[in-house]
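Biologist: I am new to this structure and would like a close look at a single part of it. Please take me through the sheet and what surrounds it.

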Amino acid sequence: MREIVLDTETTGFEPEAGDRIVEIGAVELWNHLPTGKTYHQYINPERSMPKEAFEVHGLGDDFLRDKPVFSKVGHAFIDFIGDAKLVIHNAAFDMKFLNAELGWMGLPKLPWEQALDTLAIARKRFPGSPASLDALCRRFGIDNSSRTLHGALLDSEILAEVYLELIGGRQPDFGLNPQADTTKAEAGDAPVWRAGARPTPLSPRITDTEAAAHTAFVEGMGDDALWKKLG
């Protein structure tokens, strides 16, 4: 199963009011394990950076001036994510901006159901508790000391760790779920290992003499012996 953990930085909160994406970072997971493949792109928003946004991510006009505009990188971004599930913290925000940018390019928008919102997962799992990325890092003991400013790639790498903790760790069921379908994998997925019964039972590890001696020992303990009650 392929998933893309994704984050964006923007000039503000509303694309319809003229705000644009200035950075995209994404990390690929395969069966809940990082593959090492990432996507990272700074983007020229074709507008000035508001002071409030600059204080969040530190991406200013001078730095972004020579970066490509979204229309030059949109196709490469879509090629990277493909039809993978998009793991996003506060997915409505990032999906809103991504679909606005894709719409301005005349490209199909991303289906909302393609996104998995870790903010919603955290709020459901820990109702009433803080669910920001920093709060979840503290809860799970994840080192985010390098996160002095928001950065799309760094935040997506941290979110990947948070996501794996939210769903129960790197291997959520370790293949031990007896109700799981152990014979099929989704189309295009890597084979999924599942434990099965041994085709040939293991040979006994005690001899007949040892088994007889144990039986005699238990008989000598009387009718109240715990071994007899458990047997």
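Modeller: What follows describes the sheet, the helices that pack on it, and some charged pairs. The model is predicted, and every value below is computed from it.

The chain has five strands and nine helices. In sequence order these elements follow the pattern β-β-β-α-α-α-β-α-β-α-α-α-α-α. The five strands form an open sheet with mixed pairing, in the order β3-β2-β1-β4-β5. Its edge strands are β3 and β5 (115-117), each of which pairs on one side only. From one strand to the next, the twist averages 25 degrees.

At one end of that order, strand β2 (residues 21-30) pairs with strand β3 (residues 33-42) in the antiparallel sense, over seven bridges. Within this pair, Leu29 stands opposite Pro34 in β3. The hairpin of β2 and β3 has two residues between the strands, and Asn31 there takes a positive phi near 50 degrees. At the other end, strand β4 (residues 85-88) and β5 run parallel and are joined by three bridges. Ile88 has Asp117 in β5 as its bridge partner.

Helix α3 (residues 70-81) packs on the sheet and touches β1 (2-10), β2, β3 and β4; the direction of α3 makes about 170 degrees with that of β3. Helix α7 (residues 152-166) lies across β1, β2, β3, β4 and β5, and runs at about 35 degrees to β2.

Charged side chains in the loops next to the strands are also worth a look. Side chains of opposite charge can pair when their charged atoms come close. The chain has eight salt bridges. One of them is between the side chains of Arg47 and Asp19, at 3.1 Å from N to O. Arg47 lies in the loop between β3 and α1 (51-57), and Asp19 in the loop between β1 and β2, so this pair ties together parts that are 28 residues apart in sequence. Arg47 counts as partly exposed because its relative accessibility is 30%, and Asp19 counts as buried at 11%.

Two further salt bridges involve other residues. The side chains of Asp62 and Arg65 meet at 2.9 Å, N to O, and both of these residues are exposed. The side chains of Lys67 and Asp66 also meet in a salt bridge, at 2.9 Å from N to O; Asp66 is exposed, with a relative accessible area of 62%. In addition, Arg20, Glu46 and Glu101 are joined into one network by salt bridges that share partners.

Key: Residues numbered from 1 in each chain as written. Predicted model: local features only at pLDDT ≥ 70, side-chain atom pairs only at ≥ 80, totals over all residues. Heavy atoms only, no water. Helix = DSSP H or I, 4+ residues; strand = E, 2+ residues; numbered from the N terminus. Pairing = 2+ DSSP bridges. Axes fitted to C-alpha atoms, helices over the stretch in contact; angles between N-to-C directions. Contact = heavy atoms within 4.5 Å. Salt bridge = Lys/Arg side-chain N within 4 Å of Asp/Glu carboxyl O. Buried < 20%, exposed > 50% of the residue type's maximum accessible area, 1.4 Å probe, protein only.
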